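User: I have a chain to look at and would like to know how its descriptions are reached. Please set each value against its definition.

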Amino acid sequence: MAITPTLNRLAYDDLDQIRAVFSHLIGQELDDGFSLIPPFYTTGGENIRVGRNVFINQNCTLYDLGGIDIGDDVMIGPNVSLITSGHPIEPSQRRAGVTAAPIVIDRNVWIGAGATVIGGVTVGENSVVAAGSVVTKDVPPNTLVGGNPAKIIRSIADE
């Protein structure tokens, strides 16, 4: 798609232009609180929905075939991958087609640097995904998860 190369030629401080190009890419008007630092990679963009006040750091990959829903106040660290598509596990079926399942990132989530979230996963409100984690199962709200595969480390809440 021609839009992502355009986006990736912009500097991190071209905020209004980045917002306009990304809005066009996903087909949704974004609020002034949206911020993205290029480069950014996607399979298409039309299956991405973004809430208010979202920050996406540099070098993120959003494979959106299955749909990606990012809630309000979400922070996504650098080198994060949200991958909604894959292939069947059976060797004879791997090249036969693509599987896809949505990813939902609820409100006020922070996804740390280098984390990967796999299709079919919901990351619950206020949760944190530790850097480098691979999230293969739903994350409950108000939870810190980490590791490969990601496991619950502890409950989190404002004190």
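The turns below go through the chain as a whole, then its strands.

User: What kind of model is this, and how many helices and strands are in the chain?
Analyst: The model is predicted. The chain has two helices and 18 strands. A run counts as a strand from at least two residues, and strand S14 (122–123) is one of the runs counted.

User: How do you know whether the radius of gyration agrees with that of a compact globule?
Analyst: The rule is 2.2 Å times the number of residues to the power 0.38. For 159 residues this gives a value near 15 Å, and the chain has 16 Å, so the two agree. The box around the C-alpha atoms, along the principal axes, is roughly 50 × 40 × 20 Å.

User: What makes a residue buried, and what share of the chain is buried?
Analyst: Buried means under 20% relative accessible area. By that cut-off, 40% of the 159 residues are buried. The chain exposes about 8,300 Å², and carbon and sulfur atoms supply 51% of that area.

User: Why is strand S18 said to lie largely in the open?
Analyst: S18 covers residues 150–155, six residues in total, and the number buried among them is zero. None falls under the 20% cut-off, so the strand is described as lying largely in the open.

User: How do you know that S17 and S18 pair?
Analyst: Pairing needs at least two bridges. S17 (residues 143–147) and S18 have five bridges, in the antiparallel sense, so the definition is met. One of the bridges sets Gly147 against Ala150. A hairpin of two residues joins the strands.

User: What makes S3 and S14 edge strands?
Analyst: The open sheet has the order S3-S6-S11-S14, with parallel pairing. S3 (48–50) and S14 (122–123) each have a single partner strand, so one side of each is left without a neighbour in the sheet.

User: How many bridges link S11 and S14?
Analyst: S11 (residues 103–105) and S14 pair in the parallel sense over two bridges. The definition asks for at least two, so this pair qualifies. Val104 stands opposite Thr122 in S14.

User: Which residues does Val134 touch, leaving out those up to four places away in sequence?
Analyst: Contact means heavy atoms within 4.5 Å. Val134 lies in strand S16 (residues 134–135), and the residues touched are Thr116, Gly147, Asn148, Pro149 and Ala150. Gly147 and Ala150 are also the bridge partners in S17 and S18. From Val134 to Asn53 the C-alpha distance is 25 Å, with their positions 81 residues apart in sequence.

Methods: Residues are numbered from 1 along each chain as its sequence is written. This is a predicted model: local features need pLDDT of at least 70, side-chain atom pairs count only at pLDDT 80 or more; totals for chains, interfaces and linings use all residues. Side-chain values use heavy atoms; hydrogens and water are left out. Helices (H or I, at least four residues) and strands (E, at least two) are DSSP runs, numbered from the N terminus. Buried means under 20% relative accessible area, exposed over 50%, partly exposed in between (1.4 Å probe, protein chains only). Accessible areas come from the Shrake-Rupley method with a 1.4 Å probe; for residues, only the protein chains shown count as cover.
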